[in-house]
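Let's take a walk through this structure together, one region at a time. Please have a look at the sequence and the model before reading on.

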Amino acid sequence: MIEFHLDGHSGVAPYLQLVQQVKQALRLGLLVVGDQLPTVREVVGQITINPNTVLKAYRELEREGLVASRPGQGTFVQRTLAGTSLSSHAALRRSLTRWLHSAYEAGLDSESVLALFMSTFQDTQREREETA
């Protein structure tokens, strides 16, 4: 089951953080069709959040067709975001882990690692868009 967390310093609305966490779990295959999301009560017990914020997140996921609520039963995953690339995730994760260890060994702190990663990610995205 997914465990939510909130980053009070992210600048992202709490309901969007929940939406993003569910989408990430769907992309990584951690949630699959038929899985049940935690109930609003469970989420409120897990993290400090207003129940209406959880409901807003679940409604957004439902609007996008990713989940469906069943009255009296809960909210269930309807559609996954994991593509055919899911099988290559393990190898990519190992490669990325090696890269992260190299970055830390080179003396970068976490913020520098993230900055370098995001900069490289954005450059690669631009290159892909230009060649498409």
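**A walk from helix H5 to the core**

We can begin with Phe117, which is partly exposed because its relative accessible area is 35%. Keep in mind as you look around that this is a predicted model. Phe117 sits in helix H5, the helix that spans residues 110–131.

What surrounds Phe117 at the surface? Together with Leu96, Trp99, Leu114, Leu116, Met118 and Phe121, Phe117 makes a nonpolar surface patch of about 600 Å². Two elements, H4 and H5, each give two or more residues to the patch. The largest share comes from H5, with five residues.

Helix H5 also holds a pair of charged side chains. Arg126 and Asp123 meet in a salt bridge, with 2.6 Å from N to O. These two residues are three places apart in helix H5, so about one helical turn separates them. Arg126 has a relative accessibility of 43% and therefore counts as partly exposed. Asp123 is partly exposed as well, at 35% relative accessibility.

How many salt bridges does a search of the whole structure find? The search finds three, and the one between Arg126 and Asp123 is among them. Side chains of opposite charge can pair when their charged atoms come close.

Another salt bridge joins Arg63 to Glu60, where the closest N and O atoms are 2.7 Å apart. Arg63 and Glu60 are three residues apart in helix H3, so they too are separated by about one helical turn. Arg63 is exposed, with a relative accessible area of 62%.

The salt bridge between Lys23 and Glu64 has its closest N and O atoms 2.8 Å apart. Lys23 belongs to helix H1, while Glu64 is in the loop between H3 and strand E1 (67–70), so this pair ties together parts that are 41 residues apart in sequence. Glu64 counts as partly exposed because its relative accessibility is 24%.

Now let's turn to the inside. In soluble globular proteins, nonpolar side chains tend to be buried together. Here, the largest nonpolar core has 21 residues, and those with the most contacts inside it are Phe4, Val22, Leu31, Leu37, Tyr58 and Leu61. Helix H1 (14–27), helix H2 (40–46) and helix H3 (51–63) each supply at least two residues of this core. The largest share, six residues, comes from H1.

Leu61 is a good place to pause in the core. Leaving out residues up to four places away in sequence, Leu61 touches Val19, Val22, Lys23, Leu37, Leu66 and Val67. One of these partners, Lys23, is also the residue that forms the salt bridge with Glu64.

From here we can step to Thr75, which lies in strand E2. Is Thr75 buried or exposed? Thr75 is buried, because its relative accessible area of 10% is under 20%. Beyond residues up to four places away in sequence, Thr75 touches Asp35, Gln36, Leu37, Tyr58, Val67, Ala68 and Ser69. Leu37 and Tyr58 are among the core residues with the most contacts inside the core.

Following the chain onward, we come to the loop between strand E2 (74–77) and helix H4 (89–105), where Thr80 is found. Thr80 is partly exposed, with a relative accessible area of 32%. Which residues does Thr80 touch, not counting those up to four places away in sequence? They are Leu26, Leu31 and Val33. Gly29 is 51 residues from Thr80 in sequence, yet their C-alpha atoms are 7.7 Å apart in space.

The side chain of Thr80 has polar neighbours too. One of its polar atoms lies 3.4 Å from the backbone oxygen of Leu26. A polar atom of this side chain also lies 3.1 Å from the backbone nitrogen of Ala82.

Ala82 is found in the loop between E2 and H4, and counts as partly exposed at 22% relative accessibility. Setting aside residues up to four places away in sequence, Ala82 touches Leu26, Arg27 and Gly29. Leu26 is thus named once more, having appeared among the residues that Thr80 touches.

To end, we can look back towards helix H5. Ala82 and Asp123 are 41 residues apart along the chain, and their C-alpha atoms are separated by 24 Å.

Conventions
Residues are numbered from 1 along each chain as its sequence is written. This is a predicted model: local features need pLDDT of at least 70, side-chain atom pairs count only at pLDDT 80 or more; totals for chains, interfaces and linings use all residues. Side-chain values use heavy atoms; hydrogens and water are left out. Helices (H or I, at least four residues) and strands (E, at least two) are DSSP runs, numbered from the N terminus. Buried means under 20% relative accessible area, exposed over 50%, partly exposed in between (1.4 Å probe, protein chains only). Contact means heavy atoms within 4.5 Å. A polar contact is a pair of N or O atoms within 3.5 Å; within protein, one must be able to donate a hydrogen and the other to accept it, and residues adjacent in sequence count only if both atoms are side-chain atoms. Patches are made of residues with over 30% relative accessible area and no salt bridge: like charges are joined within 9 Å, nonpolar side chains (Val, Leu, Ile, Met, Phe, Trp, Tyr) within 5 Å. Accessible areas come from the Shrake-Rupley method with a 1.4 Å probe; for residues, only the protein chains shown count as cover. A salt bridge is a side-chain nitrogen of Lys or Arg within 4 Å of a carboxyl oxygen of Asp or Glu. A nonpolar core is a set of buried Ala, Val, Leu, Ile, Met, Phe, Trp, Tyr and Cys residues joined through side-chain atoms within 4.5 Å.
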